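Q: I'd like to take a close look at one part of this protein with you. Could you walk me through its main pocket and the helices around it?

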Amino acid sequence: MARSITKKNKCSRGHQSPISKKKSHSSTNFGHRNYSLYVNRVLKEVVPQRGISSRTLDIMNTLINDIFERISMEACSLMCFRKRCTLTPEDIQKAVYLLLPGKLAKYAVAFGSEAVQRYVHS
C-alpha cells in the first residue's frame, strides 16, 4: 500500500492555503480597508497647517494595506509552524520583528503594545 504524500495542514480546516489563492482582477478591493481618514487626522494633529493630496493618500493607503497583509501572512505562517490554530500577540510581534528593520520594529511593537494596553484598560 502506498502512503499519501500530501500532508493536510491542521490549521487550514479545509480552506485553501493563502499562497494558492487566486487574485481577483476586479477594480474594487473588497478585502482592503481605507485608512485615508486616519492618515488625515494624524497629519492634522502633527502639522495642523499642512494638507495632503488624494494621490498621496492613495499611496499611503496602499502602503498600509501592504504592510498589514505582509504582517498577517507572516504571523499566520508562524502560527502554523508552531502547529497552533490560534493567533497570539507573540506571533504578531515576531512577524513585525521579522519584516521591519531594527529600530522601526522595536518602536512598532512598543507603540502597538501600549495602544493595546490603553484599549484594554479603557
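How many residues line the largest pocket, and which of them lie nearest its centre?

A: Happy to! Keep in mind that this is a predicted model. The lining of the largest pocket is made up of 25 residues, and those nearest its centre are Phe68, Ile71, Val96, Ala108 and Gly112. The space inside the largest pocket comes to about 980 Å³.

Now for where the lining comes from. Four helices each give two or more residues to it: H1 (36–46), H2, H3 and H4 (102–120). Helix H4 provides the largest share, with 9 residues. Sorted by class, the lining of the largest pocket holds 19 nonpolar residues, 5 polar ones and 1 charged one.

Let's see how these helices are arranged, starting with H1 and H2. Their axes come within 9 Å of each other and cross at roughly 110 degrees. Angles from 65 to 115 degrees count as roughly perpendicular, so H1 is roughly perpendicular to H2. On the H1 side, the contact is made by Ser36, Val39 and Asn40, while H2 brings Leu57, Met60, Asn61 and Ile64. This contact of H1 with H2 has 4 nonpolar and 3 polar residues, but no charged ones.

Next, follow H2 (residues 54–81) to H3 (residues 89–99). The axes of these two helices come within 8 Å and cross at roughly 120 degrees, which makes H2 oblique to H3. The crossing of H2 with H3 is right-handed. From H2, the residues in contact are Arg70, Ile71, Glu74, Ala75, Leu78 and Met79; from H3, they are Asp91, Ile92, Lys94, Ala95, Val96, Leu98 and Leu99. You may recognise two of these names, since Ile71 and Val96 are among the residues nearest the centre of the largest pocket. By class, the contact of H2 with H3 has 9 nonpolar and 4 charged residues, with no polar ones.

That leaves H3 and H4. Their axes lie 8 Å apart, and the packing angle is about 155 degrees. Angles over 145 degrees count as roughly antiparallel, and H3 and H4 are therefore roughly antiparallel to each other. H3 also passes H4 in a right-handed crossing. Here Gln93, Val96 and Tyr97 of H3 meet Ala105, Lys106, Ala108, Val109 and Ser113 of H4. The contact of H3 with H4 includes 5 nonpolar, 2 polar and 1 charged residues.

Val96 is a handy residue to look for on screen. Val96 takes part in the contact of H3 with H2, it meets H4 as well, and it is one of the residues nearest the centre of the largest pocket. Ala108 is another good landmark: this H4 residue is part of the contact with H3 and also lies among those nearest the pocket's centre.

Note on methods:
Residues are numbered from 1 along each chain as its sequence is written. This is a predicted model: local features need pLDDT of at least 70, side-chain atom pairs count only at pLDDT 80 or more; totals for chains, interfaces and linings use all residues. Side-chain values use heavy atoms; hydrogens and water are left out. Axes are lines fitted to C-alpha atoms, for helices over the stretch in contact, and angles run from 0 to 180 degrees between N-to-C directions. Angles under 35 degrees count as roughly parallel, over 145 as roughly antiparallel, 65 to 115 as roughly perpendicular and the rest as oblique. A crossing is left-handed if the near helix is turned anticlockwise from the far one by less than a right angle, and right-handed if clockwise. Contact means heavy atoms within 4.5 Å. Ala, Val, Leu, Ile, Met, Phe, Trp, Tyr, Cys and Pro count as nonpolar, Asp, Glu, Lys and Arg as charged, and the others, Gly among them, as polar. On a 1 Å grid over the protein atoms alone, a cavity is a set of points where a 1.4 Å probe fits but cannot get out, and a pocket is an open set with protein on both sides within 12 Å along at least five of seven lines; lining residues have an atom within 4 Å of a point. Grid points are joined across faces, edges and corners, and a volume is the space filled by probe spheres set on the points.
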